[in-house]
Structures are given as structure tokens and as C-alpha cells.
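The following exercises concern salt bridges and the solvent exposure of the residues that form them. Each task is followed by a solution in steps.

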Amino acid sequence: MPTKPTYRLGVDIGGTFTDAILIDESTGQVKVSKVPSTPDDPSRGFLNVLTRILEAAGVAAEELNYVVHATTVATNSIIERKLAPTGFITTDGFRDLLEIQRQIRASIYDVHFQKPAPLVPRHRCFGVPERLDARGEVVKPLDESAVRAAARELREEGVESIAVCLLHAYVNSDHENRIGQILREHFPQEAISLSSDVAPDFREYFRASTTVINAGIRPIVGRYLERIETRLREMGVSAPLLLMQSSGGVYTFETGTEKPVYMVESGPAAGVIASGYLGDQLGRPDLMSFDMGGTTAKAGLIQDGIPRITKEYEVGSAASASDHGGKGSGYPIRTPVVDLVEIGAGGGSIAWIDGGEVLRVGPQSAGADPGPVCYGAGGTEPTITDANLVLGRIDPTYFLGGEISLDLDSARKTIEEKCGRPLRMGTTEVAHGIVEIANAAMTGALRRISIQRGFDPRDFALVAFGGAGPLHANRMAAELEIPAVIVPRSPGTFSAMGLLATDLRHEYSATSVQRFETIEPVDLISVFDSLWKQGEDALAREGVPPGDMRFYKLIDLRYVGQSYELAIRVRDEDFHPEEMGRLRDEFHAEHLRVYGFNAPDEPIEAVNLRLTAMGNISKPALQQADQGKSQDHARKSDRDVYFSELGTTVSCPVFDRYELGAGCTIEGPAVVEEMDSTTLVHPRYKVSVDPFGNLIIEHVEHSL
């Protein structure tokens, strides 16, 4: 009997559009869909795109075998300060931990800089008598009556969630666990977030900030996921429901409700994972990802096939710097996050004139509502999309495959009135300026993710996606001498592919600060065995068979006296002397790469032991592109397009990407159009179609 077809669905909610990708597991056939996001209730956008793609593909909800979701709900609630009413309990004497924060400035010369406001007001912060020392031994027993008194006051305050962070609870969680038990006498289980569960690392403020954020967004994310799950079950979807994590793995809706702080950057992470998946299929392990959507542009880096992961991340910046400000401008989160540089430069980013009569672009965005002026939905401010339209780079009759007709005249008029006249410049000149300012900012983001991390961008290919990414990538690659730009199929929905190309993932850690030369291998093995058991149990609960489980071990090392550490991968799980020597040597080499110097004669120390537990999920394979289609057949028209290299507008051939077959090669300048994006090929570059239908842009002199 023929096997009943089953499908995988990924839904990615962005600031402007909500994307969906549907893959037939039996044939590998891919369907994509895109609808405007619904900022007032993101779950509506989710259900809108789900219904649309299922109807277009003729697929019943019961045939879905796998559903993965990435969302900005957690991020937006932090940025907009729309957290649930939250309480905070800590060790007596440390009630002002969230007020004091850190003694650093995002901008050291900005005398007007103010720290971000605490997420929990002081009157909802309580210190309870108790104390552990750095070894986790009890110095002062827990005063349970003080905990009950705090619980009663918090209940009277009407809090929905409570964060608990005690000193040294990362070593000994007994007091936190007991507080959790007492609080559950007054509040439901889902209202309690313990730092020893959420972020069991040393450094009190980082741990407290992470736990408070988890507590504050937990009710909001929980209600959001409950709405989606209820609606999906009513529709007949019985498939497992998974969420993309900030680290690039996925976890269940249930775990996401308990630890939503792990999904704060789920959407941007999906794009990096998709790039890594594409690179693996193409045999390109070293890539930079560039995702330009309607609101922001994001850059990530993949080395040796592995996305860069960091635990130094802040959200909800209070500063105005283009890359979310410097350290100290937002709320730190101590969870693994795909290393990204994100700036306010998207298709909807607004162009404006500052007080010095200088043209600026972003970070303010027209977003999904009302959107750019050319959308005709009420937008009144010129945007990057309007500028690209005026320069001829976008076809006003073929936006979203012709679903939306763009108003070129309104875009030109608005740019002229809002920017051209104040600057006494022509409309085309100003539009070009808007695009070049955005390009400069996005090139800076690529520099920060590569050069400032110790990597040479000339050693990487650039994967360009998002609705606007392929329009700008060629220019940025030229600036940084990146040898090749890869534009995947359906770049506007490519991030959603990352949802279906990742694995179940859980992170565990234990703090153990000690001199490296005195570490006993048996102690390392004991701690890692404990972390391994936690990961194994979690994956087993999610139905992962033992043969599909993978575990990765890391040790955070630093020079004695340093404040920050570097993660080094463990290869030999028995920690033989050769492995200990390799860990030490690799730390010195990594320190040299990251910071530009090292000190091999200085003593080093271990800080944290980390374990990543992953459950393998089968990945979709790339489809082969059609053969035998020529570029002459795909040429659909010619259009006047402005190029700064030529200093003028030139007649440029326009090609239908769906009619380009594998092996086709086109000399720039040229435009390649598809439903969800437009690829711009500059003069002295060429674009070719690889066997999988990806567009490869290379300099004519550098192409192979």
C-alpha cells in the first residue's frame, strides 16, 4: 500500500511579515507562503499563514507530522516593557540587585546615559534571611516565615509571576527549592521561576536578570502558546509542536512555557541555522548569514559548519547605538544565543533628516502597519523600500508576485518632499543616498560579526536572504571583498527553512571555579556525568531514542583574574593528560584569535562546565533544479535601474528566477525576480545557478 503523505510545517513571525514553509516528507517538494504580521496579536498571523498554506497546497491539518515555530513575542514584550506583574525574592541585603545592575556604561562619555529601568519595581523586591557560601555550605539557615510573609505581600500586589535568585544557588539549590515549595502554597507552579533551574551560573546580576526576564514573559508566552495550541488541536493537528530556541535548537511548547527566556531570539536564530544547513548541503562550511527583513538586518557567522554561540547577550537596549547599544544598555541574558549582530536597517526603516541637516536611516521602522509609503496603507515616511523602488530595483507590479501593487509616484513624491527639498538634492540622488547609508550600516554589521570576532570576511561566502537581503548583498560583498554571495531559493521565507533543519536541544551547566593545573579528571567526569543524565532524561521524555542522542561538552576557561571566559570544546571524555594539554593550548590559541594576544606563561582556571544534549531530527534534502532552461527563456523584460558604479541609470535585463535552470549564467548588471524577493547583480559581477537552484553571485575576475 502507498504510504500516506506527511508534511512538515515551519512558521516564522517577523516584525513585518509572517512566513511559512511546508515540506512534503515523501517527495521533498516545498511550498512557501507569506502574510503580513499582526502585531496586536501575533497568533492571528500564525493561524492566517497556516490556513493559507494548507489551502494552497491542498493539505489537511491531520497530515502535518511536525510543526515548528519561531516568534518575536518574547522579545517584543521585553522591548515594549509589557511584562506580566512580577515579584523578586533574593538573599537579605541584596534587594536592590536589580536597581544597582552593573558599574559600566554603554557609552562612557555620555553624561546623560541612564541605565535601563528595573523590570521589577523595588516595592515588589524582597530579601529573605538566608546565606550560602561560595562552596554551597549553609552560613545562615533559610527563614521560612520571611518567605511566607513575602508571598502574602506579593499576592496582595497581584503579581502573576515570581523570580527567585539567591546567592550561590548555582552551587546548592536547596534554599531556592524550598522557597519554591512555599511559594506554591500561594501561587500555581507555573508562576515560579528559580535561578537554579533557569540559569545555574555564577554572577548574581546576570543570573537574576535572566530569571526575572523568564518570570516576566512566562505568563505572556504561556497564554500565546496556549492560544495557538488550542486552535491547532481544534483544526485537527496532532503533530508535536516545537519552538525554535535562541541557540538554534528546538524544544517543545511545554518546555517553552516553562523557560521562555531560551527563545528570546528564536526568529533570527532560525536564519543562521538555515544558512548552516544550506552550507552543509553545498559543501561550504564557512559562511556569513545576512538576513534583511522589513524591520531589521541581522548578521551571523558559521565556522566549520557550526554557528557561533555566545552567552554575552542583552535585550531591550536603552541606548540608541545601531547594534543595540554597548554592554550595559540592556538586560543581560545568560542563555546560549546564536551570535548575531542586529541593526535597525530593514525595508521599512525610515529615512529622516537630523538637526544638522544630515540624512539618516533607521532605526525607526514603518513596520507592518502602516508600512512603507509605496504600500499605500497609510505610510507617510520614506523608507528603504521606497528608495529601492525609485531606483528601479523593485518592480511595482510584481511585489510579492504581484499580490501587492506598489505606488511609485507616492514613493518618489515623499522622498522628494521629506528628504530631497530639505537637502536640496534630486530625488534619485537622495534615494541612492538612503540605500548607501543603509548599506554602510549593514556592512558594519558584517564587519562586527567577522573582523571584530577575529575572522577575515574574505574566507567566507555570504548567504543573503530575507525579503530585502538579495537586493543589498552584492554591494556589501564588494565592500568586504567577500568572494561569493549565495541567494537560496525563496529567500524571503528562507529563515523558516531553519525551523525544519535543526534538532532538539537542551543546555546544562555547572559552575566550578578552580585552577586548571589542580583539576582532577575524576571530578570533571563526575560533573559531566550528572549533566549528561539530565540531558538524557529530557530527550527521553521527548521521545528521542538513545541512538539519536548527541552530547557535546565544553569548559569555560580564563586567565586567573580575568572577568570573562572562553568556551573550549572537550574531545576526550576521559580527560587524559593529552586532552588536558590540548584544552590548555586551544585556550591560548583562541584567546589570541579573539583578543589579539595571549599569555601562555600565565595560570588559567576553569569556570563553568557545559553540556549540550541534542536529539537528531531528520532533515529535508535540497531539491535539484530543473535542467535545460536558458537565461534567454527566463528574460521577462528590461527596466531602468540606477547603479552608483556607473553614476547613471541604465537599461537592465530582468529575469524570472523560476525559469532559470541549473547552469544558467548572467552577466551584471541584471535583476532576478521571484515572488518573495528581488536579487540585484551589480556591474562587473555575474550570477550563476547551481545544481540546487541557488543563485551564486561572484566577481567576474574571481569566479571559478
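**Exercise 1.** Classify R233 as buried, partly exposed or exposed, and examine its salt bridge.

*Solution.* Step 1: the relative accessible area of R233 is 35%. Buried means under 20% relative accessible area, exposed over 50%, and partly exposed in between (1.4 Å probe, protein chains only). R233 is therefore partly exposed. Step 2: a salt bridge requires a side-chain nitrogen of Lys or Arg within 4 Å of a carboxyl oxygen of Asp or Glu. R233 and E229 form such a bridge, at 3.9 Å from N to O. Step 3: E229, at 32% relative accessibility, is partly exposed. Step 4: R233 and E229 lie four residues apart in helix α7 (residues 204-235), about one helical turn; helices are DSSP runs of H or I, at least four residues, numbered from the N terminus.

The model is predicted: local features need pLDDT of at least 70, side-chain atom pairs count only at pLDDT 80 or more, and totals for chains, interfaces and linings use all residues. Residues are numbered from 1 along each chain as its sequence is written, and side-chain values use heavy atoms, with hydrogens and water left out.

**Exercise 2.** Determine which residue forms a salt bridge with E416, and classify both partners.

*Solution.* Step 1: the partner is R421, with the closest N and O atoms 3.9 Å apart. Step 2: E416 has 32% relative accessibility and is partly exposed. Step 3: R421 reaches 54% and is exposed.

**Exercise 3.** Analyse the salt bridge between E436 and R475.

*Solution.* Step 1: the N to O distance is 2.8 Å. Step 2: this pair links distant parts of the chain, 39 residues apart, with E436 in helix α12 (residues 427-449) and R475 in helix α13 (residues 469-480). Step 3: R475 is buried, at 18% relative accessibility.

Terms used. Helix = DSSP H or I, 4+ residues; strand = E, 2+ residues; numbered from the N terminus.
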